[in-house]
Amino acid sequence: MPFRSTSSTPTALLGDELLRVVKLIHVARARAPRQHPLVDPMAYPLLFHLKRSTLRVSELADAVHSDVSTVSRQVSTLVDLGFVTREPDPDDGRAHVLAVTADGTALLTGIRESRDRWLQDLLADWTDDEVGSLTTALARLAADLETSLTDPTQRTDR
């Protein structure tokens, strides 16, 4: 039985369930097979962002809310494996921009298809409306989280 807060406010209950879901997703992710044996699943979000547009390493780090050194190390692996290219920035020849290759796109397709199959199995007894409502609520939560991370007036000491 999951831990229940002594407080019954909607946000206290939400906090309890979010902690539970995050932990369970972490466990499920650790048990899932990797799409590529040499690509750390933590690098997958980099590919998703680069599929949308070419970015510099610093821009990519900002987009995934990570430090430049970590992203740079992950990008180097993706470049070495042929999933990402590093080209001179057309606006500043001293800098580089990153882009997903055809092999990177194929990897992304595999990741998305695998995730979709997992979610279809997991949510098999949910209606389309229930899945849609959850998707809408999660998108709103994600947008509010991103705003709180980029707005210096928001507290982040939680």
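This report walks through a predicted model, from its core to its surface.

**The core**

Let's start on the inside. The largest nonpolar core has 21 residues, and Leu47, Leu60 and Leu78 have the most contacts inside it. Helices H2, H3, H4 and H5, together with strand S2, are the elements that give two or more residues to this core. Which of them gives the largest share? That would be H2, with five residues.

So take a look at helix H2, which covers residues 44-52. Its buried residues are Tyr44, Leu46, Leu47, Phe48 and Leu50. What covers them? The cover includes helix H3 (57-63), helix H4 (68-80), strands S1 and S2, and helix H5 (102-122).

Leu78 is a nice residue to click on if you want to see this kind of packing up close. If you leave out residues up to four places away in sequence, Leu78 touches Val39, Ala43, Leu46, Leu47, Phe83 and Val84. Two names on that list, Leu46 and Leu47, also appear among the buried residues of H2.

**The two strands**

Next, find strand S1 (residues 84-89) and strand S2 (residues 92-100). Do they run parallel or antiparallel? They run antiparallel, and six bridges join them. A hairpin of two residues leads from S1 to S2. To follow the pairing yourself, try Thr85, which stands opposite Ala99 in S2. Another pair to look for is Asp89, whose bridge partner in S2 is Asp92.

**Salt bridges**

Now for the charged side chains. How many salt bridges does the structure hold? It holds four, and here are three of them, with the distance from N to O:

| Pair | Closest N to O distance |
|---|---|
| Arg20 and Glu17 | 3.1 Å |
| Arg56 and Asp92 | 3.7 Å |
| Asp92 and Arg94 | 3.0 Å |

Arg20 and Glu17 both sit in helix H1, three residues apart, which is about one turn of the helix. Arg20 counts as partly exposed because its relative accessible area is 39%. Glu17 has a relative accessible area of 25%, so Glu17 is partly exposed as well.

The salt bridge between Arg56 and Asp92 has a closest N to O distance of 3.7 Å. This pair links distant parts of the chain: Arg56 is in the loop between H2 and H3, Asp92 is in strand S2, and they are 36 residues apart. Is Asp92 buried or exposed? Asp92 is buried, because its relative accessibility is 18% and the cut-off for buried is under 20%. Arg56 has a relative accessibility of 26%, so Arg56 counts as partly exposed.

Asp92 also meets Arg94 in a salt bridge. Arg94 has a relative accessibility of 74%, which means that Arg94 counts as exposed. Through shared partners, salt bridges join Arg56, Asp89, Asp92 and Arg94 into one network. You've met Asp89 already: it is the residue in the strand pairing whose partner is Asp92.

**A nonpolar patch on the surface**

Finally, turn to the outside. A nonpolar surface patch of about 580 Å² is made by Leu14, Leu18, Trp126, Leu134, Leu138, Leu141 and Leu145. Which helices each supply at least two residues of the patch? They are helix H1 (10-31) and helix H6 (128-150). H6 gives the largest share, four residues.

One residue of the patch to pick out is Leu138, which has its place in helix H6. Leu138 is partly exposed, because its relative accessible area is 45%, and that value lies between the 20% and 50% cut-offs.

Helix H1, which also holds Arg20 and Glu17, is worth one more look. Ala30 is found in this helix too. Why does Ala30 count as exposed? Because its relative accessibility is 64%, and exposed means over 50%. To get a feel for the scale of H1, compare Ala30 with Leu19: they are 11 residues apart in sequence, and their C-alpha atoms are 17 Å apart in space.

Technical notes
Residues are numbered from 1 along each chain as its sequence is written. This is a predicted model: local features need pLDDT of at least 70, side-chain atom pairs count only at pLDDT 80 or more; totals for chains, interfaces and linings use all residues. Side-chain values use heavy atoms; hydrogens and water are left out. Patches are made of residues with over 30% relative accessible area and no salt bridge: like charges are joined within 9 Å, nonpolar side chains (Val, Leu, Ile, Met, Phe, Trp, Tyr) within 5 Å. Accessible areas come from the Shrake-Rupley method with a 1.4 Å probe; for residues, only the protein chains shown count as cover. Buried means under 20% relative accessible area, exposed over 50%, partly exposed in between (1.4 Å probe, protein chains only). Two strands pair if DSSP finds at least two bridges between them. Contact means heavy atoms within 4.5 Å. A nonpolar core is a set of buried Ala, Val, Leu, Ile, Met, Phe, Trp, Tyr and Cys residues joined through side-chain atoms within 4.5 Å.
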